[in-house]
Amino acid sequence: MSQSIPCVLMRAGTSRGPFFLREWLPQGDEARDQALIGAIGASDPLQLDGVGGGSTLNSKVAIVSRSSQPGCDIDYLFAQVGVGHRSVDTRPNCGNMLSGVAPFAIEQGLIPATNGTTSVRVYNVNTRSRIDVTVQTPGGRVSYEGDMRIDGVAGTAAPILLNFLDAWGAVTGKVFPTGKRIDMIDGVEITCIDAAMPLMIVRAADLGVTGQEKPAALDANTALLERLERLRLEAGRRMGLGDVSDSVIPKPVLVSSGTTPNSVTSRYFTPRKCHASHAVTGAIGVASAFALPGTVASGLAREPGRHSLVVLHPAGQIDVEVELSGLAGAATVERAALVRTARKIMQGELHLPNYVFSRPEARDAESPRVAHKVLTIIVPTRAGGGNDTMARIIAARLGPLLGQEVLVDNRAGANGAIASEYVANSAPDGLTLLFGYVGTHAMSPALQSLGYDPVSDFEPVGLVGSSSTLMVTHPEQGALDVHALIARLKDAPGCFSYASAGDGTPPHFAAELFQLSSGTSMASATYEGAAPAIADTVSGRAQIMFPSVFTAYPFIRAGQLRALAVAGPKRLKALPAVATLAELGVAGVDVVQWYGLFAPAGTPAAAIDRLNRALNEVLADPGVIERFESHGARAEPGSADALARRMQSDLARWRQVVNEAELAPRELRQTVLD
């Protein structure tokens with residue numbers, strides 16, 4: 001069995017890799033790293049079983065979350081995943097991957113976009129440094145299209161400005177960790193510098209090469225690579241990094257003269273292979289060593305102020321603007337800025353093989369009791385939607401409270417019936433739960449005959465929360481307001497299409513009730529879940545949708561969707577200016593979505609009580625409450641009986657709606673009513 005998690009694959013600078021929100025990954029560093037190994041396919045040098053490209057340049061991962069640091073918007077954790085070996089190193093940083101972090105965060109709703117450009121302050125967790133990133137956001141949306149060209153990447157794209165504020169000494173605490181600007185190691189002069197990335201810089205001529213060679217020629221020089229590694233190991237020890245034999249830092253760099261007084265030629269190693277172009281963080285370090293006096297890379301003596309420098313690499317050049325203060329030995333770099341580009345390649349679900357979550361050497365010794373302690377929450381929708389996000393927030397907190405690993409398994413299909421039937425037929429041992437909601441336990445059973453009974457086949461564990469339903473539209477291809485929409489639909493029935501998450505889901509019910517109440521007709525575009533439905537509404541392939549606030553709110557904040565009305569009894573605190581449909585003259589469209597955990601029928605009461613207590617403790621966590629509220633939802637702790645009453649009440653209500661509104665064929669309406 002494999003797990004699926006949301007993922008966005010991006011080209012960022014001259015690197016490529018998957019981008020994740022931290023909540024998408026398993027809780028705990030070890031489980032997280034195993035997931036990354038599976039995502040990249042690290043065990044195989046060709047990385048055929050993952051999204052890696054068989055090179056350190058595309059075996060990289062970016063993990064993003066809202067920042068816990070004062071004055072910062074988002075946290076960025078970079079992970080370098082092994083090529084041909086199961087390893088994850090979070091000690092280095094990657095400035096190329098950094099260039100994709102702000103666009104990713106904006107599109108995931110972590111940061112609201114402004115019209116024109118959006119500035120995001122990023123805290124790099126690896127190096128504990130801050131970077132200001134400026135992204136092109138015309139009309140309040142991220143744009144990847146533009147005329148900026150960077151060497152090593154085909155075509156052009158929108159510029160992304162990276163302004164490094166305090167990357168000097170970020171890893172070791174000192175710009176020159178050994179206390180010297182030049183060290184002598186094995187008869188070779190070396191500069192050890194910590195500027196965005198810990199580097200060991202050597203003059204190419206001192207190792208018998210020109211520094212102008214192609215990467216393939218340097219990689220074929222085994223004597224050079226062996227000597228570089230010996231020097232690197234000693235440099236790492238002197239820099240206070242300890243034994244770096246299993247680490248990718250410090251990175252070795254060969255420097256030679258540039259083509260102008262303001263340029264320096266660099267060959268950057270990663271560390272046992274020459275980079276095809278150059279790392280951004282490495283370029284900051286090389287430019288800093290070039291700008292400062294007394295290093296093996298030093299160029300002309302420079303006055304305090306801003307200087308435009310060029311780092312030449314095998315694929316072209318990187319332009320770096322550095323700002324100096326002080327003179328001679330007291331000179332320091334205050335900041336450095338450069339321009340990169342990024343492009344979103346794809347967004348969807350990444351399937352992780354089960355074998356990466358077990359260490360081969362420990363599998364035989366694992367007892368059956370331990371092997372079966374994993375608690376799995378089955379989500380009936382695709383990864384990336386509102387249900388999935390809420391389930392992962394809960395799962396991340398439940399594990400430590402229960403003292404066991406908690407996994408989220410997405411089993412989308414048949415409008416939630418596949419997941420519901422799976423859990424209904426699972427062993428009643430308290431280790432398999434369904435993240436059910438109003439769709440699986442009230443609406444869909446009211447609309448159609450199913451292979452499970454929402455009441456008799458489950459033991460309620462507890463409510464998780466609730467979220468109102470919104471009527472949203474594409475900002476440019478939809479209608480300006482509800483009255484304009486109704487007028488257009490009456491003039492030209494079917495001229496707008498609405499995105500449905502499937503028959504018997506809240507977006508479907510809300511759209512049908514709206515059409516009945518307003519006397520209009522829209523075309524229907526049906527998807528397997530809210531995630532693809534809202535994605536097509538954002539893209540304009542569908543113009544109208546009725547998602548939960550939890551699902552829609554990030555896209556509304558980013559300006560990618562416009563909220564037309566609340567499909568509920570009252571206005572929302574998060575969107576006070578958005579009227580209800582009833583206020584706008586469209587009565588009867590009242591769709592509140594609730595979410596809860598369910599166990600298979602027959603699960604012991606002691607197990608239900610234990611899970612309910614842990615769930616309620618999670619829902620009382622201020623961090624969880626804030627996460628829910630930031631998406632326009634609310635946490636609702638309570639008893640298992642409270643969930644049972646909510647479910648049975650809504651099931652009766654939606655059966656009545658189906659019958660009165662004739663939303664299903666007559667013979668089917670009679671079946672569900674019976």
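Proline 271 is found in the loop between β13 and α5 (280-291). In this predicted model, the peptide bond that joins threonine 270 and proline 271 is cis, with omega about 0 degrees. A cis bond also joins isoleucine 249 and proline 250, again with omega about 0 degrees. Proline 250 lies in the loop between α4 (222-238) and β12.

Strand β12 covers residues 251-257, and 6 of its 7 residues are buried. Strand β11 (residues 197-203) runs parallel to β12, and 5 bridges join the two. Within this pairing, valine 202 stands opposite leucine 254 of β12. Strand β13 (residues 263-268) runs antiparallel to β12, also through 5 bridges. Here serine 256 faces threonine 265 of β13 as its opposite residue. The connection from β12 to β13 is a hairpin of 5 residues. Strands of a sheet pair through backbone hydrogen bonds, either parallel or antiparallel. Both senses occur at β12: parallel with β11 and antiparallel with β13.

A further sheet is open and has 5 strands, in the order β24-β23-β25-β22-β26. Its pairing is mixed. The edge strands are β24 (523-526) and β26 (562-566), each of which pairs on one side only. Helix α12 (residues 506-518) packs on this sheet and touches β22 (470-473), β23 and β25 (544-545). The direction of α12 makes about 150 degrees with that of β23. Strand β23 (residues 497-500) pairs with β24 in the parallel sense, over 4 bridges. One of the bridge partners is alanine 523 in β24, set against serine 497.

Helix α14 (549-557) is largely enclosed by the rest of the structure, because 8 of its 9 residues are buried. The buried residues are Val549, Phe550, Thr551, Ala552, Tyr553, Pro554, Phe555 and Ile556. Glycine 559 follows α14 and has a positive phi, near 80 degrees.

Helix α14 also supplies at least two residues to the lining of the largest pocket. About 1100 Å³ of space lies in that pocket. Its lining comprises 50 residues, and the closest to the pocket centre are Leu21, Trp24, Gln108, Gln347 and Gly384. By class, the lining holds 22 nonpolar, 15 polar and 13 charged residues. Strands β1 (3-12), β3 (60-66) and β17 (342-352) each supply at least two lining residues. The helices α8 (386-402), α13 (530-539) and α16 (622-630) do likewise.

Positive phi values are also found at two residues that are not glycine. Alanine 414 has a phi of about 55 degrees. Asparagine 415 likewise has a positive phi of about 55 degrees. Alanine 414 sits in the loop between β19 (406-410) and α9 (417-424). Asparagine 415 belongs to the loop between β19 and α9 as well. With a relative accessible area of 48%, alanine 414 is partly exposed. Asparagine 415 has 22% relative accessibility and therefore counts as partly exposed, since buried means under 20%.

Key:
Residues are numbered from 1 along each chain as its sequence is written. This is a predicted model: local features need pLDDT of at least 70, side-chain atom pairs count only at pLDDT 80 or more; totals for chains, interfaces and linings use all residues. Side-chain values use heavy atoms; hydrogens and water are left out. On a 1 Å grid over the protein atoms alone, a cavity is a set of points where a 1.4 Å probe fits but cannot get out, and a pocket is an open set with protein on both sides within 12 Å along at least five of seven lines; lining residues have an atom within 4 Å of a point. Grid points are joined across faces, edges and corners, and a volume is the space filled by probe spheres set on the points. Ala, Val, Leu, Ile, Met, Phe, Trp, Tyr, Cys and Pro count as nonpolar, Asp, Glu, Lys and Arg as charged, and the others, Gly among them, as polar. Buried means under 20% relative accessible area, exposed over 50%, partly exposed in between (1.4 Å probe, protein chains only). Two strands pair if DSSP finds at least two bridges between them. Contact means heavy atoms within 4.5 Å. Axes are lines fitted to C-alpha atoms, for helices over the stretch in contact, and angles run from 0 to 180 degrees between N-to-C directions.
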